[in-house]
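Student: I have a model to go through. Please justify each label as we meet it.

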Number of protein chains: 2
Amino acid sequence: MGVYLHDIPLDQALTVLRENLARLGLPGRLGEEILPLGPELAGRVTARPIFARISAPHYHASAMDGFAVNAKDTEGALPSRPVILKVGDGVRYVDTGDPLPDEANAVIPIEMVESLDSSHQAAQNPRAPDWIRIRSAAVPWQHVRPMGEDMVATQLVLPAGHPLRPVDLGALAAAGCFEIPVARKPVVFVIPTGSELIPVGQVPRRGDIIEFNSIVLAAQLEQWGAVAHRSKIIPDDFHKIQAAVREAAAQADLILVNAGSSAGSEDFTAGVVASLGELWVHGVACRPGHPVILGAVKKDGADHLTTPVIGVPGYPVSAVLTAEIFIQPLLRRWIGLPASRGEEVEASITRKIVSPGGDDDYMRVVVGKVGGKTLAAPIARGAGVISSLVKADGIVIIPSGCQGLEAGASVRVRLYTPLRELENTLLAIGSHDMTLDLLAARLNEKGVRFTSANAGSQGGLIALRRGEAHLAGTHLLDPESGVYNLAAVGRYIPDRKISLIHWADRTQGLIVPKGNPKKLTSLANLADEGIRFINRQRGSGTRILLDYHLSRLGIAPDLILGYDQEEYTHLAVAAAVSSGRADCGLGVAAAAYALGLDFVPLFQEEYDLAIPNDFLTLPLLQPLLDLMNDAGFQDEVRNQPGYDPTRMGTLIAELG
Amino acid sequence: MGVYLHDIPLDQALTVLRENLARLGLPGRLGEEILPLGPELAGRVTARPIFARISAPHYHASAMDGFAVNAKDTEGALPSRPVILKVGDGVRYVDTGDPLPDEANAVIPIEMVESLDSSHQAAQNPRAPDWIRIRSAAVPWQHVRPMGEDMVATQLVLPAGHPLRPVDLGALAAAGCFEIPVARKPVVFVIPTGSELIPVGQVPRRGDIIEFNSIVLAAQLEQWGAVAHRSKIIPDDFHKIQAAVREAAAQADLILVNAGSSAGSEDFTAGVVASLGELWVHGVACRPGHPVILGAVKKDGADHLTTPVIGVPGYPVSAVLTAEIFIQPLLRRWIGLPASRGEEVEASITRKIVSPGGDDDYMRVVVGKVGGKTLAAPIARGAGVISSLVKADGIVIIPSGCQGLEAGASVRVRLYTPLRELENTLLAIGSHDMTLDLLAARLNEKGVRFTSANAGSQGGLIALRRGEAHLAGTHLLDPESGVYNLAAVGRYIPDRKISLIHWADRTQGLIVPKGNPKKLTSLANLADEGIRFINRQRGSGTRILLDYHLSRLGIAPDLILGYDQEEYTHLAVAAAVSSGRADCGLGVAAAAYALGLDFVPLFQEEYDLAIPNDFLTLPLLQPLLDLMNDAGFQDEVRNQPGYDPTRMGTLIAELG
């Protein structure tokens, strides 16, 4: 094996897989099993068209509690000229669902019948009289469910390839279909490999990686109708991986080997597949994902390839997307479902995107509907960032050959979040604050999705101006007036009425290691010899605060070691200090305490929400406005170190 | 108990239920359980906000296979002026995911490094050299995943009330959350009652009703996140039902008693609930559904009400809708999910609807998108017709107080079928033919939904004229010319270009009981003494054929016994004959043979599809057009008795 993969285009890889599976005799439905009808069949997929074995109802049934009669015996009955019938063979009380006597062809509801005893007095038991008196004629077949009203024997009840819903189970039962042919579930083995992996539940040491791809893959597989088996973690050892694949091949319809699919020193998957069968593809030009392996192995004793193997890359985002791209369509074919048509939506991309031209590029986006526009805001692109998939509302595919997209470009989003939920999403773009997570949790309980894209205070105000967010969190100090946010909102959004509503006061200061080993006490210390600083990104409120005070102190940025190292959130700054990557950073107290660090308070700052006036009356915004005046919620915020929500919800100004 | 229920409005019933449950201490989430993280948690709902316990990554990790270095040691490296570094503590080969040595802060990918041995020749093992030579400077933190890149310890990973998806499980693992608090699943007991019920699997005799509501309800409950227990069938016996409810109360969070919820002679549910606790509601003004019971019972030994009981009506459509209206929202509250916002769509109703003004009326509809218009075609309304729910794409609620809707009125449809599938639906309105079921099954395999509403040949052509269908099946004989369909299409759709495409020739004749006991040989027999006929509905092609030949024979309709008895499909006519309700009917051979009846062939007729020309090029139509020329599919049709598809797919004429 060489050091490099030989990437082929994604379309070509899918074709290679499909053609080779056809060669293996696995092009379509894997097979069927006949299962007894019951609630556990919900979600299974019919393997054949199913026809009614009996009619429903299978006899003429009364549709009411009442008396079965023959309509012609009631002819001429009128209020003034009642007809009296003797109860007997053709005239009889029936409950709803009871069969009609042979001689009857209509039912008169009990409340329209006078039940009489043998002396034509009111009967003791109105349901067991000797005679009945009726005062209006019955129409033939009134209040009768004729045989076959619902379904007629031999009629198609359900086509093949139909996922069974609860009501389908009822229809099958009514049609006398008790043994149901459903597609056999594909059996998929997931083999996690890697000497650095530890199982979930074990506390990781430095260098340990918690093995969770097999959990995610197994859950995906089950969701797509397969039976997933996770084997134990196999270390990076050619022979052990080979043995695991051989063992899985005895039972599996498909084997997934997770990681080891690249071409590094401990990447054995390709070699194992080749040793037990055939390697078809090693490397696919899509991002994330590209070290994908496609091939097949022989079951022990077989003289031909029996079992496809997919080498799934190790980065979690790559693993998830590889499964969506290669495995989901394969499972659908095996189960007999048509190709999936996921929900899609047309959206405007909120910022310029650069893409490597050679790959199909799968970009995760957050989607929101703001004032009639559907917007897709790109989020973190690292293949290791699993939280980006938690946050993503969908995927935009930038096809190979396309070098990128301009801000505002129209894109097609493959949605993870149902479209109807997006209608119900508050989209916040702006500066990050931890208490917004508390807000998101509380809004979720009220049925409102709160999605935030961190773009710094300035970025948020620019997004508001462009109509790309419902609100922006901002803490921008005006260096001239010393007042927060007012000047910035006026400058960035000159042409729109904006309400500036107070969220919380928070303390900014230096985040330093426990015990403050470098004895830092003020911003002036940043220029000291050997002090490594970690900065926030340009445009963030914290960065402006820093630059303002540095300039007042007359400290040039290039005197500060690490000034060019930027992080995008308070917690990331704290993590940098916690890990020893930096000696200090400017941020909020909560972030420091959250990671067990110390904090040197320096400034009090104001964090506000800027909300366009025309959104303030949207029903979507009301739960947010209510929460700001909810004492319980304010207490939650107050419990965060360094936060003072006393003035939360106060209207500071209307601008524009 | 009286004979009548005391219906209260639906809104009021929901309020009574909610308020009484609050009184029982069951207003919101039932409780939580802590489960170990694994794929089986997918679909469970978080019971609390979950915060990261560790950062991800929890150390600075290499993002490439390569060499870890300290960036400042590489300063000034150029292609023409390489830098050579000795491999040691801070300079070391790392695989993707390995922790960086403490002294390192960047990774150089292996393909950009020359690995050298101690004499500065190319190293034997490029990953274990003595020295490395590099020809470009590293930027600090390049190809490194800094600690916390994905998530930072203490950060919110997931809010409460969040249904876990596969990627969420990965994020929880990455954040070190291994014991997950999820909402406890509500335990629901379903008790089917009724002496006439037999379990699925048993062959029903006349009067037996196959018990399947408990299967449908259990599948619904499981789909909504509950654990469903089905008890065995309890006969109509107060004490046995009482014992079953008491037994269920020991374990259940909710008890459903199916049927016996009305006020008939064998309706014991209300009495049982009252005897063991409290009856809150008996009768709700909604249709279907109205005999609904709401109440609660005491667990044995309890001194207060513990367990709500819902009496679910026996008609299957009523049972399903009662569960959707009362039980689904309750389960969502108990699991901690916000109220469901199902998918909805605005549509035009295709025909006039009359509604009983006092009830909230739940009308099942088929939905299609035809030429930009979204249409809702009402389907069978009987509460016993479970196949109507199989066929339904959604529900239209006609509120109490509204007497009905005019054709074309705008309605809001609560969708069962996802909106995106409706885009993919061929809507056929017209005359019924059995071979359209075969077509539906084959189109389903090709990923096209084929929905047909039977409205007779004339009804179909009128729907085409109104732009309410993609195509119409028609077999309308022109009495003047003796030619099928041409005249009718021209008459009903004068102003639109229509292609008339041949589907099949089929034989029409008399459907008679096995052995033809009345020795019927021609239409003339219909006027014979005592012959009971079953007719098709006015406007259907078969009815026109009948009337044409009767008029030629000079037979007046009122000479025919049962001429006024109408059925809407061929199979329903056959079923009427099979059940003994009629001695004969006019229809196709297939319907007769399907029910084991005999057939007297009389006429050959032509069944064609009318398709507007502007639809013929739609991608949605292509699979249909292809199938008409598919020899395999033609053979399927030919195998139906009385069908000749030899000319299938032939363009007969372009009209308009």
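Tutor: Start with the domains. This is a predicted model. In chain A, the assignment gives domain 1 (10-30 + 185-334), domain 2 (33-56 + 149-183), domain 3 (61-145), domain 4 (358-423) and domain 5 (472-655). Between the centres of domain 1 of chain A and domain 2 of chain A, taken over C-alpha atoms, lie 35 Å.

Student: How do you know how chain A and chain B are related?

Tutor: Superpose them. A turn of 180 degrees, with a shift of 0.0 Å along the axis, lays chain A on chain B at an RMSD of 0.1 Å. The two copies are therefore related as by a two-fold rotation axis. Both use the same surface: 100% of the contact residues of chain A recur in chain B.

Student: What makes up the contact between chain A and chain B?

Tutor: Each side has its count: 109 residues from chain A and 109 residues from chain B. Together the chains bury about 8500 Å², with 64% of that on carbon and sulfur atoms. Between chain A and chain B, 21 residue pairs are in polar contact.

Student: Why is the pair Asp102(A) and Arg206(B) called a salt bridge?

Tutor: The cut-off is 4 Å from side-chain nitrogen to carboxyl oxygen. Here the N to O distance is 3.5 Å, so the pair qualifies. Across this interface, the rule finds one salt bridge.

Student: What makes Cys177(B) count as buried?

Tutor: Its relative accessibility is 3%. Buried means under 20%, so Cys177(B) meets the rule.

Student: How do you know that Cys402(B) is in no disulfide?

Tutor: The nearest cysteine sulfur belongs to Cys286(B), 16 Å away. A disulfide needs sulfur atoms within 2.5 Å, so Cys402(B) is in none. Over all chains, the structure holds zero disulfides.

Methods
Residues are numbered from 1 along each chain as its sequence is written. Chains are lettered from A and ligands numbered from 1 in the order in which they are written. This is a predicted model: local features need pLDDT of at least 70, side-chain atom pairs count only at pLDDT 80 or more; totals for chains, interfaces and linings use all residues. Side-chain values use heavy atoms; hydrogens and water are left out. Copies are superposed by least squares on the C-alpha atoms of residues with pLDDT of at least 70 in both. Contact means heavy atoms within 4.5 Å. Domain bounds come from an automatic or database domain assignment. Buried means under 20% relative accessible area, exposed over 50%, partly exposed in between (1.4 Å probe, protein chains only). Buried area is the accessible area (1.4 Å probe) that two parts lose on being put together, summed over both. A polar contact is a pair of N or O atoms within 3.5 Å; within protein, one must be able to donate a hydrogen and the other to accept it, and residues adjacent in sequence count only if both atoms are side-chain atoms.
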